[in-house]
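Got the viewer open? Let's walk along the place where two chains meet, one selection at a time.

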Amino acid sequence: MDQNELRQWERRCIQEEPPACTAACPIHVDARSFVGHLQQGRWDQGWQTLARTMPLAGLVGRICDGSCEARCKRGEAGDAIRIAALEQACVRLARSEYRVTRLPGRPKRIAVLGAGLSSLTVAWDLVRKGYGVTLFEPGDVPGAVLCEAYPVLTPEIVAVELASLETLGVAFETGTAVHGQAFFEDRRDRFDAFYIGLDAVASLQWPLDRGARGEVWIDTGTQATSRPEVFAGGDVLSTIWRVAQGRWAATSMDRFLQKVSMTAGREREGPYDTRLYTSLADVVAQPAVPMADAKAGYSESEAMAEASRCLICQCLECVKVCPYLENFGAYPRKYVREIYNNESIVMGSRSANLLINSCSLCGLCEAVCPEDFAMQDLCLQARRSMVQRGKMPPSAHEFALEDMAFSLGEDFFLARHAPGTAESSHLFFPGCHLSASAPGQVEALYTHLNHALGGRVGLMLGCCGAPAFWAGREADFDRALAQWQHHWEALGRPKLIVACATCHVVFHDHRPEVPVQSVWETLAEVGLPPMETDSAAGPLAIHDPCTTREMPHVQAAVRRLLDQLGVSISELPLSGEKTECCGFGGLMQNANPDLAREVIRRRADLSGYDYVAYCAMCRDSLAAVGKRTLHLLDLIFPDRRIPDPAARPRPGWSARREHRARLKTELLERWWGETPSGGPDYRALVVKMAPDVRERLDARHILVEDVQQVIARAEAGGLKFRHPETGRVKAAGRPRHVTFWVEYAPCEAGFEVFNAYSHRMEVQGP
Amino acid sequence: MKSDKDWGDELAWHCSACDRPLELGQVTVTYMNNSFTTDMPRCPGCGRVMVPEALALGKMAEVEKILEDK
Amino acid sequence: MPEEVKLYESPALRAVTGPTIRPGGLALTERALAYCTLPTEAAVLDVGCGNGATVAHLRHKHRLKAFGLDASGRLLGTGRNATDGLPLIRGRAEALPFADSCLAAMFCECVLSLLSAPQVALGEWHRVLAPRGYLVVSDLYARNGGQEETPASGALMSCLAGVTGCRTLHERMRTANFDVLLFEDHTPLLKRLAAQLVWAYGSMAAFWEAVGCGCRDGLRDQGGRPGYYLMVARRGAEERG
């Protein structure tokens, strides 16, 4: 990712865009933080928030006309927040002291004319920047014009505020006739720039260009006049706009005096439309909190109550629906930066590795984001980059990749025309996890398809390569698909029928020339097998696998089938295009098992109904956290030997291997009359273990075949240790990258296993 | 660091080949170009080492993670 | 007020690192020496010399006129006892008792991030180095580019508090009128030390307990894992203005 891409990605996430109030305010006061403080009664902090942006907040806060309120999002659900009234309350209730610093003095001198709001703003801004500011008041009392214009400002209040200016170093000169041309001529040599506050100075006779109606010509935004050193503004009705024009003039004057660009970086001055999106779902319309005494303004409790109505606008739409995005404590814009840093620095940081590898790549964020931010694209790209640079920690995906290698290997891979035929119109590709979870259903489905489609449906057992794709291992993915393609071509390029939505997406995205259909659509077309109309199970809550997100036709076909089966369906809150991943996607279960568990628990808790899924992995993931879940095939091919299929537990990793291997050998024998070559001898070893031992091994990712291999080698004369009292044996073996230790004892049938553990370090020595 | 009595369980095991009880000995383990030594049960006769479960699941696992994290 | 726990003074750490209390021991010192080629008998200073193991090495193996300086009386005590006749001085890195431009090289290993006023120290080091003298710095740094500055925090006074990023380090050198000749990442040495600490104490948590600061994983508190670098810089040829 280069700097350009980084910026594009960052820009897409709008979470850091200002809320509507700030964007609408001409001077961009952080009204959201301000109101947030008032919600908690933090008057002083609210005051400081105002004072950070507002000049002379003690003055302006009392008379701001709140043009932000017109754009307040709350106004779309009841009344807008009474921000102006809250400002007034805050000025009253806070200990309003200015924490102002003045930059070191600059040699330039500024003349500010008039003591209206815009002039005071100019004076405030420029004195703080270190300029020498003299304020010329035509009358005798600076501030009198303010008291006249705004009755709520008493002379005492104004005097205090003006004293702050004086403390900062503004010099006041009163009783000067500023409007005459003589004033300008006299002072041109002594001052480097001038500001005319048109809200305070009348009938100007200065030699400046004028408009049609005799008003001084001003360039809106820069507030420049026809003379480069003279600026003007304030000739508007709104208080906050007077302040804004003063502010813009001060910025222009500062740039003028420093001889830098007058316009650069000023695109967001003044009100604009923010890109921030804030959802109003679940927001109940509320009227504004009334004031008991309109003259006195909001009381403390009233102000807090009104402030509490504020939505504290955020986006966070994706974080709201994704435990992964929530888990890392930030939001996509921040994550982009972390991932970029992970790449561009020679050695990445651990937290970014986990961030990159924990995403399920399901695309829900993109589906809910107003700007289509696709975290999955970002993470996949980062994984590929890590793999290319050799920075991918091996343990992140190793187990899943070894499982894929098993599916692609001799023990499971199979490609045949239908028994007794020499060509195939269709090819059934059930996928590795349906075969691993419910091999009997694979058989039943294959049989039915052949009946329904004229008997020339071939069968391929294997893997589409999705684990390698998710792991960012493009070479391994290409190899897996190439293997698939080689056999598909050898079978005569038949129409593909897939039972797994992930396989479906892989073929759709990477082999568009292959005609592919979901088995659910096929069944919806050709019809279901005949069955006794059972008492319909249900209502069932339907869980769509995340890989059907962009395949509404598949989701619809499944619902038609369930309807045919007489099942009433309840839709989960996030369903269809917005479905959630079960935690297996993107290899989340491998890279971040704790997060995956959290993800599936949340999914399971969404509804009290039993679920129905049509992906074997989703079904098993739900079952693993104790959620009663049916697979659609449990309803289409009910198995009398399993009275309560919704309670069927998730087969562990060892069982998944066994199911696949046995499916191949049994089908080859029964259907194609082939006896497969025997597997390695150690697979014949009989091992028994108590259920808790079996669970422990499954959790530690230690397969039964690993245990068999260790025991076989040990019994054939390898390294063994014996416990003289218990008679147990302990032995070790290192078939690949991991050393397995197994504690066992011979028993009647074979061997009983009591424990097993593993490590990657290698022992040096004899 | 473990005291001798904590090793009681592990030292009850015998090396099958030599039929001798294991004794604590200095063992070197390596991973990703780093080596570490510690005491582990080993056969005083043939030198075969038995890696205890607590070690494998404890500091071995923690160190493997540190070194792997790139 | 509880006494500050200084990680580098802790016997728990020394038990694993040995006398050179830093990742890699003398490995990076050797690398820097190979890069710099100093004449024999050149006057060099080891800032943060601790017990003087590096000073002894520089004197005996490389025949350099090496001095050591450290603020920690505790560590100096062990050095003076261990190897007699080593010129080890107690003092602060920000105020060196040396004349202007008198040193050919300075070694500041695992020290810079400990100083409360690193820029002041760099200025001082510039003063005492001869024109074109070498400054060898090795230390922790923040690899996460986004977090350039980490505020010093808590009772744990250690290398972890003042860890900054690569950009800040280079800026500081520039401001102090040093030219950076070499900047290498040597994070594997840090990982090795971390692994050795875990190995020796059973877990990272157990190590921190042995040091005496409870169960705090100081590394993780910095919001990302730190790396380790070696930098060789040269003092500009001009006289200090």
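Which residue forms a salt bridge with Glu53(B)? Select Arg700(A): Arg700(A) makes that salt bridge, with the closest N and O atoms 3.0 Å apart. Here a salt bridge is a side-chain nitrogen of Lys or Arg within 4 Å of a carboxyl oxygen of Asp or Glu. Across the interface of chain A and chain B, the rule finds two of them.

A quick word on ground rules: this is a predicted model, where local features need pLDDT of at least 70, side-chain atom pairs count only at pLDDT 80 or more, and totals for chains, interfaces and linings use all residues. Residues are numbered from 1 along each chain as its sequence is written, chains are lettered from A and ligands numbered from 1 in the order in which they are written, and side-chain values use heavy atoms, leaving out hydrogens and water.

Next, select everything in contact (heavy atoms within 4.5 Å). You should pick up 30 residues from chain A and 32 residues from chain B. Now colour Phe721(A), Arg722(A) and Met761(A): this trio supplies 24% of the area that chain A buries against chain B, more than any other three residues. Buried area is the accessible area (1.4 Å probe) that two parts lose on being put together, summed over both. For chain A and chain B, that comes to about 2,900 Å², with carbon and sulfur atoms giving 61%.

Last stop: show strands (DSSP runs of at least two residues, numbered from the N terminus). Find E20(A) and E3(B), residues 23-31; two bridges join them, and they run antiparallel. Zoom in on Val763(A), and you'll find Val29(B) of E3(B) standing opposite.

Terms used
Two strands pair if DSSP finds at least two bridges between them. Helices (H or I, at least four residues) and strands (E, at least two) are DSSP runs, numbered from the N terminus.
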